[in-house]
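Grab a pencil and work through these exercises with the picture beside you. Try each task yourself before you read its solution.

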Number of protein chains: 2
Amino acid sequence: MSTRPTTTTVKRRKVRRGRPLKTESTPDMRERILDAAEDHFSRHGFWGVTVREVAQEAKVDTALLHYYFNTKRGLFDAVFERRAEIINKERIDSIDAYVKSAGSAITVEGVIDAFLQPILQRAATGDQRWHNYFALIAQVNNTPAWGGETMGRTFDNVIHHLIDALRKALPDASEQELYWSYHFLSGALTLTLSQTGRIDRLSEGLCKSSDFEAIGARMAPFIASGFERLCKPQAARRKKAT
Amino acid sequence: MSTRPTTTTVKRRKVRRGRPLKTESTPDMRERILDAAEDHFSRHGFWGVTVREVAQEAKVDTALLHYYFNTKRGLFDAVFERRAEIINKERIDSIDAYVKSAGSAITVEGVIDAFLQPILQRAATGDQRWHNYFALIAQVNNTPAWGGETMGRTFDNVIHHLIDALRKALPDASEQELYWSYHFLSGALTLTLSQTGRIDRLSEGLCKSSDFEAIGARMAPFIASGFERLCKPQAARRKKAT
DNA sequence: GCCAATAATCATCAACTGATGAATTAACAG
DNA sequence: CTGTTAATTCATCAGTTGATGATTATTGGC
């Protein structure tokens, strides 16, 4: 409008085209795109996000998303798998370390705590990127259309590892009770990770969904009690006296 | 295909326009639109559905959706609130009936069972429309952007009613522990309602996420154990011996 | 130095999206 | 009968969407 080039191409507003110089502090566009996508997908789900929004936040052209990930879905899957490997390895190592150290004194609560701690600790650090990622998992886990399949492909290994360890702590448990108990554990964890802030409002500020320290201290005892109730039917049987 | 009008105006493929005749078995378009919307929103969430898809399934023109609900969001809200009143009343009545009948023999498991049964029984009947509705709740409950607010507006009354009843069964419980425990309950219930079929695949068919009878028998005991563990800290305190 | 491969932007597309004013037909009140 | 209101489809719009071929600039191997 008013400001325009006075002499020799002073007011260059044009973004550089072509391959970038390697020396200029390595922009690493691919990671920037993944971060932006993680941020948006975790908040609004797959269909609630446009590739333009992601591109805008990452400050790149939309064509670059397609260059790296082909399709919007390819981008989503890349986001979903990027951190899965890290957290899965941590959880398996944590379970193994606990099982080894506990020996015959293995407890349900110990196993579940070992399973949860890697996640809750990453969440507790306050790293927004991990927060986003966990919320993304929660979204996928509650997507009926394709969530079950995606979750399975990515996390079944770890879950079976967890259940194997739980079997050691609950040698008499039936398979069914173990899986149903895990189902309830998964739900509780998922809602925790989804970060809707619902419990904050419900409790009028008494509980904060971002207070992962409080959650970390309570979740394993809560869930372990449930496991023991369901998977140790011989002890303390005092159900509804019908 | 074979049965068709023999004489006058045989090949009429054009859909009728204008106000429909009242005598022709009352189509009740409004409900049909809500059913179709419920079906789609529950599967793909708000952004994963287009008004055209809903209109097509309901076999009406898209303009009719706007005639009844103004905007896509208005349609979504109407779907969400349609069944809320019914199920909320059932849950409050169920809790009240239990509290009254149990008297001083009130138990945590009894309260939670009374809270869950209305939902699980409706789900167990196999009515697809209620299935869809419950899956929709699960979607909303895991939508960080606006899920917490919508859930609160619709369900906070019932939840506070539940927690009031639980306080009677757990007179020494701190508010915080009660709310955290409810948080885990809510997560477990939500994942159950979301019907992703994940547990089916994980357990290789041993557990069926549509088997609400199995869930109804296990969920209240599981969750009640957790509540008692967290909210009765004086008894059986045997945490990790650090 | 030359040239193929790589990494990025530009310009554009056909399809789709939510929404709306006009037209059409029936119900209903007086 | 007649005019107003309710319920429905028609026709269409302006903006958005995911995607892509062309273009530009830099790297790195020979």
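## Who touches the DNA?

Near DNA strand C, at least two surface residues apiece come from helix 3 of chain A, helix 2 (51–58) of chain B and helix 3 of chain B. Helices here are DSSP runs (H or I, at least four residues), numbered from the N terminus. A residue is near a strand if one of its heavy atoms lies within 4 Å of it.

This is a predicted model, where local features need pLDDT of at least 70, side-chain atom pairs count only at pLDDT 80 or more, and totals for chains, interfaces and linings use all residues. Residues are numbered from 1 along each chain as its sequence is written, chains are lettered from A and ligands numbered from 1 in the order in which they are written, and side-chain values use heavy atoms, with hydrogens and water left out.

**Exercise 1.** Find which helix gives the most to the surface near DNA strand C.

*Solution.*
- Step 1: Start with the neighbours: 28 residues lie around DNA strand C, and Tyr68(A), Arg19(B), Lys22(B), Thr50(B) and Arg52(B) come nearest.
- Step 2: Now pick the helix: helix 3 of chain A gives the most, with 4 residues.
- Step 3: Sort the surface by class, and you get 12 nonpolar, 6 polar and 10 charged residues. Ala, Val, Leu, Ile, Met, Phe, Trp, Tyr, Cys and Pro count as nonpolar, Asp, Glu, Lys and Arg as charged, and the others, Gly among them, as polar.

**Exercise 2.** Work out which parts of DNA strand C meet polar atoms of His66(B), Arg16(B) and Arg19(A).

*Solution.*
- Step 1: Look for polar contacts (here, pairs of N or O atoms within 3.5 Å).
- Step 2: The side chain of His66(B) puts a polar atom 3.0 Å from a phosphate oxygen.
- Step 3: Arg16(B) has a polar side-chain atom 3.0 Å from a sugar or linking oxygen.
- Step 4: Arg19(A) uses a backbone N or O atom, 3.1 Å from a base nitrogen of DNA strand C.

**Exercise 3.** Now turn to DNA strand D: which base contact involves a side chain of Arg52(A), and which helix supplies the largest share of the surface?

*Solution.*
- Step 1: A polar side-chain atom of Arg52(A) sits 2.7 Å from a base nitrogen of DNA strand D.
- Step 2: Arg19(B) reaches a base nitrogen too, with a polar backbone atom at 3.3 Å.
- Step 3: Helix 3 of chain B supplies the largest share, 4 residues.
- Step 4: Of the strand D atoms within 4 Å of the protein, 63% belong to sugar or phosphate and the rest to bases.

Notes. A polar contact is a pair of N or O atoms within 3.5 Å; within protein, one must be able to donate a hydrogen and the other to accept it, and residues adjacent in sequence count only if both atoms are side-chain atoms.
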